[in-house]
Amino acid sequence: MKNALSMVPILALAAFCSLTAMRITDPLLPAIAREFSITAGNASHIVSAFAMAYGICQFLFGPLADKFGKLHVITWALFLSILANLGVALSSNLETIIIWRALSGGAAAGIVPLAMAWIGETVEYENRQPVLAKLLFGTLGGTIGGQILGGICADSSDWRWGFYLLASLYLICCVTLWQTARQLKKTHQPKKSDDKKAHQHVLHVLSQKWPRVILLMVGLEGVALYGALAFIPFYLHTKLDISLTLSGSIMATFGLGGLLYASSAKYFINQLGEKGLALFGGLLLGFAFLLLIFTTHWILAVIAVFLIGLGLYMLHNTLQTHATQMAPQSRGTAVSLFACSLFLGQFIGVTSAGYLVDTVGVITLFSIAGIGLPLVGWRFSVAIKNRTH
């Protein structure tokens, strides 16, 4: 296993690129709205297009990974991500940007979920949550990097240069993973699934009650959180009258909250257990959105966004740890369906959020998140308790 775990930093780098691509557009919404003379709600289509494609393409990447191997499929996903981000950078109209963003999301669908599945088949369950927490350093680094990079791009004369940089990062990651995977193949042979066809893997997962519970919970998490999350930079920019660069930097503290969890995962697990992590994470999210609603200074916003990151990863890392074990014989498909549910939820959340922001305002959106996320955390905590008794 030690030789295999040498791949984890490379997978974390791939996760970094994927999450940077996902979050880079959040601070860009006001800049894109101004460039194309549209509302922030309409500009959010560049976010929802990514999320929708990310979710749908899980039906493709999961079965492919179970058939051809996780690392092989991740490498191809990285290559496609290079092309997609170059496409965004070279586009001059909103419709084309949305198309390339959808392709970017579709390609990114084959990165983090399959990295989780690979860890799931390589690391024993009792040691898995801390290893998955190490993968979080990549995803959270990407979240931080994407928010900061997006904010800097938004305040610059041409925001497209950030996507050229992103394509370059994907290229470095793709080459590194390809070379490392070739070396690892000589000493480590991953477990292979049976010869089920793609639809049989999907049916195998969905036919069981516990996977359905996990998929429902993570979908509701996506609906409640990510629409609100995408509009925090816009909210801070307009309410507090601060620059988009500062708004993006404040959003980066979301990742810092997650990094606190990732670096202290064993402590939190020992103190709270899985049920406590789900419940307390949800409650922390609710409190953070309440604080954000009443914030009058950017320092309070920093605290609120930091707590959102900490609360989310308490809840989400517990969900995804269960996802890696909910159907071991179809692990790639199971984790891909998990990501599919999350990002279809995100698509619904961001699309609905755009409508809410344009009609009734951001406060209503944050209120829904502040009520919904504690309910998700409580319900999953109860589900874990009922399953273990």
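**Exercise 1.** What span should the 22 residues of helix α13 (residues 209–230) have at 1.5 Å a residue, and how far apart are its end C-alpha atoms?

*Solution.* The model is predicted: local features need pLDDT of at least 70, side-chain atom pairs count only at pLDDT 80 or more, and totals for chains, interfaces and linings use all residues. Residues are numbered from 1 along each chain as its sequence is written, and side-chain values use heavy atoms, with hydrogens and water left out.

Step 1. Helices are DSSP runs (H or I, at least four residues), numbered from the N terminus. The expected span of a helix is 1.5 Å times one less than its number of residues.

Step 2. For α13 the expected span is 32 Å, and the end C-alpha atoms are 32 Å apart, so the two values agree.

Step 3. Of the 22 residues of α13, 16 are buried, and the helix is mostly covered. Here buried means under 20% relative accessible area, exposed over 50%, and partly exposed in between (1.4 Å probe, protein chains only).

**Exercise 2.** Determine the span of helix α5 (residues 45–56) and list its buried residues.

*Solution.* Step 1. The 12 residues of α5 reach 16 Å from the first C-alpha to the last, close to the expected 16 Å.

Step 2. The buried residues are I46, V47, S48, A49, F50, A51, A53, Y54 and G55.

Step 3. Because nine of its 12 residues are buried, α5 is largely enclosed by the rest of the structure.

**Exercise 3.** Identify the salt bridges of the structure and state which residues they join into a network.

*Solution.* Step 1. A salt bridge requires a side-chain nitrogen of Lys or Arg within 4 Å of a carboxyl oxygen of Asp or Glu. The structure holds three salt bridges.

Step 2. D26 pairs with R23, with the closest N and O atoms 2.6 Å apart. Both D26 and R23 are buried.

Step 3. E35 pairs with R160 at a closest N to O distance of 3.0 Å. This pair links distant parts of the chain, 125 residues apart: E35 lies in helix α3 (residues 29–36), and R160 in the loop between α10 (128–155) and α11 (161–185).

Step 4. D158 also forms a salt bridge with R160, the closest N and O atoms being 3.5 Å apart. Through shared partners, E35, D158 and R160 are joined into one network.

Step 5. R160 is buried, at 10% relative accessible area, whereas E35 is partly exposed at 37%. D158 is likewise partly exposed, at 37%.

**Exercise 4.** Classify the aromatic pairs W76–F79 and Y235–F366 by geometry.

*Solution.* Step 1. Rings of Phe, Tyr and Trp (its six-membered ring) pair if their centres lie within 6.5 Å; planes under 30 degrees apart count as stacked, over 60 as edge-to-face and the rest as tilted. The structure holds 10 aromatic pairs.

Step 2. The ring centres of W76 and F79 are 5.9 Å apart and the planes lie at 85°, so this pair is edge-to-face. Both residues belong to helix α7 (residues 70–90), where three residues separate them by about one helical turn.

Step 3. Y235 and F366 are also edge-to-face, at 5.0 Å centre to centre and 75° between the planes. Because Y235 lies in helix α14 (residues 232–239) and F366 in helix α19 (residues 362–387), the pair ties together parts 131 residues apart in sequence.

Step 4. Y235 and F366 are both buried, and together with F289 they form one aromatic cluster.

Terms used:
Helices (H or I, at least four residues) and strands (E, at least two) are DSSP runs, numbered from the N terminus.
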